[in-house]
Structures are given as structure tokens and as C-alpha cells.
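Opening my notebook on a structure I haven't looked at before. I'll jot down what I look up as I go.

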Amino acid sequence: AVTPVTHAPRFLILYGSLRERSFSRFLAYEAARLLYEGPWVAERYQAVMDIMLPSLREERAQTYSPFLPIDPRTGVVLQVPVLAHDAKRGTITYEDPETNERFTVPVTGGRCKLQWKPDWAMRWVALGVDYEMAGKDLIDSVKLSGEICRALGGTQPEGFNYELFLDEKGQKISKSKGNGLTIDEWLRYASPESLSLFMYREPKAAKRLYFDVIPRNVDDYQQFLDGYEKQEGKHRLANPVWHIHSGKPPKVDAPISFQMLLTLVSSSNAENADTLWGFIGRYRPGVTPQTHPKLNDAVHYAINYFRDFVLPEKKFRQPTQEERKALLDLRDALSNLSPGATAEEVQDVLYDVGRRPPFLDEKKKAKDGKPGVSLDWFNMLYQVLLGQEKGPRFGSFVAVYGLKNTIDMIDGALARSA
């Protein structure tokens, strides 16, 4: 029999974690080598058939075999009935669908491929897999492969079944439909850690996996990272970054959120990182790509995300007459602030100007007891000034973008709607 490999960690994840991606590729090749060098399944052919046949439709059960021969001329896996098998010699016999010629080939040496459920079980045995996760739609398959695993003399790994991933329309992600988001696509717009966070959270809940969930996961990851330093030991264990970084989360200073970077790119139509770093350097003197390499990565991610998703959908809404008056008053109020006004000072001005119909919200009360302001006021600012539906706290944005730039942006919006 083939000796299982003892590489650690001994686990296979159906859609493997990012940090184990290269290792998982190695496991796949190693599994193939081990599978086809040892006639494990051939020796237990009937046991595997007794497990598989009851799960199949009658028509398919009549011609089913755990093995699929590979055409020696084309390398194509042949979906053909197996006419005979010899467990002692480890061979199967099939008929070429084009020539009707019969061939007897060994199941090892790369001449055959296993059907996926026996293949799954074989990997568990050959690699000594201890743990594997799979989607809830594969629960029955896990049970079946577990039976085969035990029939092969192995021990079924411990497992976990997670909920399905959904596309932007709430439909199940399907490889055949191509309606999903790949690892490489995510990594064009955000860090590996942000994807690890997305995968870690709420595994028992169906999750929408689409491009618009990326910004939130980037900023949430940084918030968890910032919070980790303030937590005591037992609370740290409940923090996702403890698990993402195997108990040793890094200390990363992120003076600007990813959502803020996206808004800066959108407002300035930045085509290169230098433009964004100009805003960042003015807002936080001394912060550079060299002192904050992770922020520099985020800058490039933000530019990619803006070009591919924000820019094509960017539409500036025309303000109503009441909104124009409010924007003019906001422009004048911002003009009266000092160039070094803080985000809080800008936010106070925003609230003061927004306390008017139709944005006044009498049901809400500010901390100072003044009437509240509805979200429609802030939504209008993003829709009219930035051509997007939402964004970061507007006072913080102005503090980074600059008062003069913001006033110019308001003038541009008023000119467009004149």
C-alpha cells in the first residue's frame, strides 16, 4: 500500500484558504501521484461500487465505474461504460466511442481518472487528511465519500459544512455559470487579509460574494486590527485577526480608511497614486509610501476598484432648487472656515446648513439638543457632488480632500446644474 504523506497541516479545503493556496496546489499534485501509483481502489472495487450504486439513477448505475479512462491520443477523459475490471491486475476494459475498439488499461500511471466522490475519499486516505470544509450542498457527498474512505481502510476527516456563497442577485455562485468572484479578482482590489476576514465571518450564514462587499471587509479588517491592541487575552480570541494571523496579528497604522481612499479617487478622478498621496501627505504630514507600505497597497487597490467599478457607474444627480440653495449656503459656510479646520468643525457646519426643509428631522436630536438632520442631506451631497450613492463621513472627507478643493467641487456641481 502507498504510505500517506505526513506534510503538515494535513487538511484540504474545497476552495482553500489564501495562505495555503500554493500548498494546496502541491497537495493536489501529490495526491494525484499517490492515487495512481497505488491500486487501492482497484483492490476494493466492489466495496466502492456497493457504496456508490445506491446513490445513482438506475440508467447510470448500469454503466458506472469509479474509474474514467483517459484517451491516450488526446488526453481527454472519456465518459464511457467500463465493460470489465480486473482487481488483481488493477485494470479496466472500455470501448473507444469513435472506433469501437476495446482497450484494457491500468487504473494507475495516469491512464485513468477517478470519479470525483471516490477521488475525494482517495485523497483523504492517501494524504492522511484530518479536516476538510465543504459547502452545505455537499453534505450528502461528504457522507458518501466518508463511507468510501472507511472502505479503503482510512479514517474520515473531521469536517465543517458552511453556507453557500451568493452572487449580486442572491443566486448561488456556480462555476458553470461563471457568476462568482474569484480569489485573483478579489486580490486585484483588496488585500488577502480582507478576503480571509470575509471567509471567516458567519460561516453558517449564506453570504453575498460580489465586488461591492470588498470595501467594507477591507475597513472592517483594519478596525479589528486596531481593536486587538486594546483587548484583553480572552477577548482577543474572539477577534477574527487572531485567527487570520495564527495568534500574531501585525501592528498596522492606517490613517485613512479604504472607503475614504475610494471617495478621494472618485472626487479627484485620480489616475495615479501620486495624486492620492498628495492628499494624504497634506492631511497627515510624514505619512509616505515608504513609512506606510500597507497604505500604499491600499492606494493602488482603490485606484483599481475605482476604474473598474465606480467610474463606469458614476452619475451626477441634478440638485433641486432647494438643494441648490443649500449647496450655496454650504459653500459660503465652508469659505468662512480657516484652511486648517478640523473634520469635526466641518461636520458641525454640515449639520448647521442641513437643518432646513426638506432635510430637517425634528424627531432626531443632536448631542447639543438641536434638531437632527436626515440622511437625505448627506445622500444628496454624495449624489450631486461625487456621483455616488454613499461614502465616508463627509467632514472627514473634506478634512483630507481640502476646503478649497471641496468648494471648487461644489462650484462645479452648481455650474453643471445651472
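**Entry 1: the whole chain.** I started with burial: 45% of the 418 residues in the chain are buried. I kept in mind that this is a predicted model. Next I looked up the secondary structure and found 19 helices and 12 strands. Then I checked how the contacts are spread along the sequence. Of the contacts with a separation of 6 or more, 62% are between residues 24 or more positions apart.

**Entry 2: cysteines.** How many disulfides does a search of the whole structure find? The search came back with zero. I looked up two cysteines while I was there. Cys-112 has 1% relative accessibility, so I noted it as buried. Cys-149 sits at 0%, so it goes down as buried too.

**Entry 3: a sheet of three strands.** I went looking for a sheet and picked an open one with three strands, in the order S3-S4-S5 and with antiparallel pairing. Which strands are at the edges? They are S3 (82–86) and S5 (102–106), and each of them pairs on one side only. I also looked up the twist: neighbouring strands here are turned by 20 degrees against each other on average, with direction ignored. A reminder to myself: strands of a sheet pair through backbone hydrogen bonds, either parallel or antiparallel.

I took the S3 side next. S3 is joined to S4 (residues 91–95) by four bridges, and the two run antiparallel. I wrote down two of the pairs. His-85 has Ile-92 in S4 as its bridge partner, and Asp-86 stands opposite Thr-91 in S4. The two strands form a hairpin with four residues between them. In that turn I found Gly-90 with a positive phi of about 70 degrees.

Then I did the S5 side. Five bridges join S4 to S5, again antiparallel. One pair to remember is Glu-95 with its bridge partner Arg-102 in S5. This hairpin has six residues between the strands, and Asn-100 takes a positive phi near 65 degrees. Is S4 mostly covered or mostly open? I got mostly covered, with four of its five residues buried.

**Entry 4: helix H5.** H5 runs over residues 116–127, which makes 12 residues. From its first C-alpha to its last it reaches 16 Å, close to the 16 Å expected at 1.5 Å a residue. I checked burial and found H5 mostly covered, with nine of its 12 residues buried. Among the buried ones I listed Trp-120, Met-122, Trp-124 and Leu-127. Asp-119 is on that buried list as well. What comes after the helix? Gly-128 does, and its phi is positive, near 60 degrees.

**Entry 5: helix H14.** I moved on to H14, residues 293–313, with 21 residues. Its reach is 30 Å from first C-alpha to last, close to the 30 Å expected at 1.5 Å a residue. I still looked for a bend. There is a kink of about 45 degrees, centred on Phe-306. Phe-306 is also one of the buried residues of H14, along with Tyr-301, Asn-304, Tyr-305 and others. What covers them? My list includes helices H7 (183–189), H8 (192–200), H9 (214–228), H12 (258–268) and H13 (273–283).

**Entry 6: two loop residues.** First I looked up Lys-172, in the loop between strand S9 (165–166) and H7. Is Lys-172 buried or partly exposed? Its relative accessibility is 42%, so I put it down as partly exposed. Not counting residues up to four places away in sequence, Lys-172 touches Asp-137, Leu-164, Phe-165, Leu-166 and Asn-179. I also checked Lys-172 against Lys-207: they are 35 residues apart in sequence and 9.7 Å apart in space, C-alpha to C-alpha.

Then I turned to Ser-374, in the loop between strand S12 (371–373) and helix H17 (375–386). Why does Ser-374 count as buried? Because its relative accessibility is 11%, and the cut-off for buried is under 20%. Leaving aside neighbours within four places in sequence, I found Ser-374 in contact with Pro-358, Phe-359 and Asp-361.

Note on methods
Residues numbered from 1 in each chain as written. Predicted model: local features only at pLDDT ≥ 70, side-chain atom pairs only at ≥ 80, totals over all residues. Heavy atoms only, no water. Expected span 1.5 Å × (residues − 1). Bend = angle between axes of the 7 residues up to and from the residue. Buried < 20%, exposed > 50% of the residue type's maximum accessible area, 1.4 Å probe, protein only. Contact = heavy atoms within 4.5 Å. Pairing = 2+ DSSP bridges. Axes fitted to C-alpha atoms, helices over the stretch in contact; angles between N-to-C directions. Disulfide = S-S within 2.5 Å.
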